[in-house]
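Subject: Handover of the structure, with notes

Dear colleague,

Please find the structure we spoke about just below. My notes follow it, and I would be glad if you read them with the model open.

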Amino acid sequence: MNVRLPPSREEYLTPTHDHRGCVDRALRVAEQLCAQREVRLTPIRRKVLELIWESHRAVKAYDLLDRIKPFEQAAKPATVYRALEFLLEQKLIHRVESLNAFIGCNCSERRHEQLLLICERCGNVEERPGTEVMAAVASEVEEAGFKLHRKAIEIHGLCPHCVQPEAEA
Ligand SMILES: [Zn+2]
Ligand SMILES: [Zn+2]
Ligand SMILES: [Zn+2]
């Protein structure tokens, strides 16, 4: 499978950004990966993934529940949570710990670390490969004799789009 890097920040924010393309791609990748892994992307799991991909902003579980109701009247919180667990396990989404919310992963096809840049104004979350940063963190942790289970770095600030008006003021 081809290795693709996440799209650049600029691509997210220009009016010409083809978000339908992001969603279609995410769903296509999810279908391929689930088929390969012989796990089921049930309609509810697929719908939850699609709803998370509505934008590049992080989504809270209870917002997902509201949004899924029109499609799945009978959807209970447990149904949504189970779908989220599945999507996390398959690494199709990431949990944004500092916001207690979720974003779609744009590079599920390859093993990768979790380095997220979170814009505090527009709420967009950009996923970065972060390979070097994460390798440095891993060696630091090893040096401390600490056994690593999971590492994720979340950085809060303003994205290039949101930082602009402030700079001009
Ligand atoms: Zn997009
Ligand atoms: Zn990812
Ligand atoms: Zn922003």
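Which residues coordinate the zinc ion (ligand 2)? The donors are His94 (NE2), Cys105 (SG), His112 (NE2) and Glu127, the last listed twice through OE, at 1.9 to 2.7 Å, where donors are N, O and S atoms within 2.8 Å of the metal (3.2 Å for Na, K and Ca) and water is not among the atoms, so sites may look incomplete. Along the chain these donor residues follow the spacing H-x10-C-x6-H-x14-E. Cys105 is buried at 4% relative accessibility, buried meaning under 20% relative accessible area, exposed over 50% and partly exposed in between, with a 1.4 Å probe and protein chains only.

Before going further, please note that this is a predicted model, in which local features need pLDDT of at least 70 and side-chain atom pairs count only at pLDDT 80 or more, while totals for chains, interfaces and linings use all residues. Residues are numbered from 1 along each chain as its sequence is written, chains are lettered from A and ligands numbered from 1 in the order in which they are written, and side-chain values use heavy atoms, with hydrogens and water left out.

The chain has 7 helices and 5 strands, taken as DSSP runs numbered from the N terminus (helices H or I, at least four residues; strands E, at least two). Of its 169 residues, 41% are buried.

The zinc ion (ligand 1) is held by His17 (NE2), His19 (ND1), Cys22 (SG) and His56 (NE2), at 2.0 to 2.3 Å, with a sequence spacing of H-x1-H-x2-C-x33-H. The angles among its 4 donor atoms run from 101 to 116 degrees, and the site is tetrahedral; four donors earn that word if all angles lie between 85 and 135 degrees. His17 is buried with a relative accessible area of 17%, and Cys22 is buried at 15%.

The zinc ion (ligand 3) is coordinated through the SG atoms of Cys119, Cys122, Cys159 and Cys162, at 2.2 to 2.3 Å. Its 4 donor atoms subtend angles of 105 to 115 degrees, so the arrangement is tetrahedral, and the donor residues are spaced C-x2-C-x36-C-x2-C. Within this site, Cys122, in the loop between β3 (114–119) and β4 (125–128), and Cys162, in helix α7 (residues 160–168), link distant parts of the chain, being 40 residues apart. Cys122 is buried at 18%, Cys159 at 5% and Cys162 also at 5%. A search of the whole structure finds 0 disulfides, a disulfide being a pair of cysteine sulfur atoms within 2.5 Å.

The largest pocket holds about 530 Å³ of space. A pocket here is an open set of points on a 1 Å grid over the protein atoms alone where a 1.4 Å probe fits, with protein on both sides within 12 Å along at least five of seven lines, and lining residues have an atom within 4 Å of a point. Of the 18 lining residues, the closest to the centre of the largest pocket are Lys91, His94, His112, Gln114 and Arg150; His94 and His112 are also among the donors of the zinc ion (ligand 2). Strand β1 (residues 93–96) gives the most to the lining, with 3 residues.

With best wishes

Notes:
Grid points are joined across faces, edges and corners, and a volume is the space filled by probe spheres set on the points. Four donors count as tetrahedral if all angles lie between 85 and 135 degrees; four count as square planar and six as octahedral if opposite donors are over 155 degrees apart and all others between 65 and 115; anything else is irregular.
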